[in-house]
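Okay, everybody, let me pull up the model on the big screen. I'll talk through it from one spot outward, and please keep questions for the end.

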Amino acid sequence: MAVFGTEVDRPLYGRGPSPGLRFTVYAILSVVLMYYDQHGHWVARLRYALDAGAYPIQVAISSPKTAWYSLADTFRSSQALRSDNERLRARVLALEFSVMRQAALERENAELRGLRASLPPLIKKWQLAEIISVDTNPLRQRVVINKGARDGVTVNQAVVDGNGILGQVARVGPWSAEVILVTDPEHAIPVEVTRNSLRSIAVGSGNSGELLLPYLAINTDVKSGDLLVSSGLGGVFPAGLPVARITGVRRESNQLLAQVRAQPVADVEHDRELVLLEFDASNPAAPAPNPPIAPERPSTPKAAPKIPDDE
């Protein structure tokens with residue numbers, strides 16, 4: 001055994017392989033592995049096996065993130081669908097409202113065309129008014145319109161629609177006016193039968209679809225279907241405006257007067273708009289200013305035969 005400090009320390013269990021030998025062994029092992037990898041693709045197989053073994057670990061690691069993104073996408077998609085549904089629903093409602101408004105405008109234009117076509121040339125001024133209130137019962141047949149004294153409306157002014165005479169102004173306020181309809185029990189209008197120029201007076205019955213002609217003798221030449229127009233008397237309506245059409249004539253031998261009913265040509269129940277007329281007093285066709293003359297009482301017939309009802 002050498003003296004301490006005079007020789008190099010040796011390993012306890014002998015010397016290890018030399019570096020050159022280790023390099024040679026590693027080099028030969030590398031060449032062998034490259035050879036078999038070139039011919040047997042061992043590295044690719046090993047990588048494939050490692051990828052298969054690592055996949056569950058990768059899935060487990062990325063699952064929370066994937067689940068969060070999936071949940072966020074679900075909420076985002078639901079919110080987007082809800083927003084799209086609300087937008088589409090609002091658009092559908094807007095389109096439906098537009099269609100309804102278009103239909104209403106077309107109907108209103110048709111009514112206005114009818115109103116304009118029904119006006120005679122003696123009209124000096126006319127204005128459209130809208131009905132804002134309706135009061136119809138057996139004792140009262142009136143409507144309130146959205147035109148008043150500030151718009152030039154006057155008492156007894158004629159009121160018509162696209163079919164014929166509707167009534168006349170009974171009371172005027174600053175911004176509104178009350179129109180008494182031809183069917184009001186207190187309203188009377190001088191009329192004329194177009195078929196034979198017979199004159200009479202039509203009064204309201206309290207029923208929105210009926211007028212009465214109470215002053216016709218039993219032997220008067222009237223029948224169902226006869227058209228009644230304004231006679232031009234009374235100072236309110238000019239001659240020739242349609243008023244009503246006779247719907248029934250009842251004659252009884254023990255009565256002096258016939259029971260004659262007529263239906264107004266104006267759409268009393270469904271009108272939403274009407275026209276106020278102002279006539280040119282200098283026009284020969286303007287309504288006569290004198291009040292209507294009550295017809296003469298019919299003379300008692302000598303022996304009136306029983307005439308069958310004309311309903």
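So, start at glycine 248: the bridge partner of glycine 248 in β11 is arginine 261. That's one piece of a ladder, as six bridges join β10, residues 242-250, to β11, residues 259-264, and the two run antiparallel. Before I go on, keep in mind that this is a predicted model.

Now walk to the other neighbour of β10. Three bridges connect β10 with β9, again antiparallel, and there you'll find valine 229 opposite proline 242. Keep walking: β9, residues 227-230, is joined by three bridges to β6, residues 188-193, and that pair is antiparallel too. Look for valine 193 there, whose bridge partner in β9 is leucine 228.

So what do the strands build together? They make a closed barrel of six strands, in the order β6-β7-β8-β11-β10-β9, with antiparallel pairing. On average, neighbouring strands of this sheet are turned by 40 degrees against each other, direction ignored.

Zooming out for a second: the chain has two helices and 12 strands, and from the N terminus the two α elements come ahead of the β elements. Of its 311 residues, 27% count as buried. If you take contacts between residues at least 6 apart in sequence, 61% of them join residues at least 24 apart.

Back to arginine 261, and a loop residue. Serine 205 sits in the loop between β7 and β8. Its C-alpha is 9.2 Å from that of arginine 261, with the two positions 56 residues apart in sequence. Leaving out residues up to four places away in sequence, serine 205 touches Thr183, Pro185, Glu210, Leu211 and Leu212. Serine 205 counts as partly exposed because its relative accessible area is 23%.

Histidine 187 is another loop residue, between β5 and β6. Is histidine 187 buried or exposed? Buried, because its relative accessibility is just 4%. Among the residues histidine 187 touches are Gln168, Ile180, Ala202 and Gly204.

Now the charges. Side chains of opposite charge can pair when their charged atoms come close. A search of the whole structure turns up 12 salt bridges. My favourite pairs aspartate 226 with arginine 195, at 2.9 Å from N to O. Aspartate 226 is in the loop between β8 and β9 and arginine 195 in the loop between β6 and β7, so this pair ties together parts 31 residues apart in sequence. Aspartate 226 counts as buried, at 5% relative accessibility, while arginine 195 is partly exposed at 37%.

Then there's glutamate 192 with arginine 199, where the closest N and O atoms are 4.0 Å apart. Arginine 199 counts as exposed, at 51%.

There's also a network of salt bridges that links Asp135, Arg140, Arg142, Arg171, Glu178, Asp184 and Glu186. Inside that group, arginine 140 and aspartate 135 meet at 2.8 Å, N to O. Both ends are partly exposed: arginine 140 has a relative accessible area of 28%, and aspartate 135 has 31%.

Last stop, the outside. The accessible surface of the chain is about 20,800 Å², and 58% of that belongs to carbon and sulfur atoms. Leu21, Val25 and Tyr26 form a nonpolar patch on the surface, with about 310 Å² of accessible area together. Leucine 21 belongs to helix α1, residues 19-40, and counts as partly exposed at 47% relative accessibility. Okay, over to you.

Technical notes:
Residues are numbered from 1 along each chain as its sequence is written. This is a predicted model: local features need pLDDT of at least 70, side-chain atom pairs count only at pLDDT 80 or more; totals for chains, interfaces and linings use all residues. Side-chain values use heavy atoms; hydrogens and water are left out. Two strands pair if DSSP finds at least two bridges between them. Helices (H or I, at least four residues) and strands (E, at least two) are DSSP runs, numbered from the N terminus. Buried means under 20% relative accessible area, exposed over 50%, partly exposed in between (1.4 Å probe, protein chains only). Contact means heavy atoms within 4.5 Å. Accessible areas come from the Shrake-Rupley method with a 1.4 Å probe; for residues, only the protein chains shown count as cover. Patches are made of residues with over 30% relative accessible area and no salt bridge: like charges are joined within 9 Å, nonpolar side chains (Val, Leu, Ile, Met, Phe, Trp, Tyr) within 5 Å. A salt bridge is a side-chain nitrogen of Lys or Arg within 4 Å of a carboxyl oxygen of Asp or Glu. Axes are lines fitted to C-alpha atoms, for helices over the stretch in contact, and angles run from 0 to 180 degrees between N-to-C directions.
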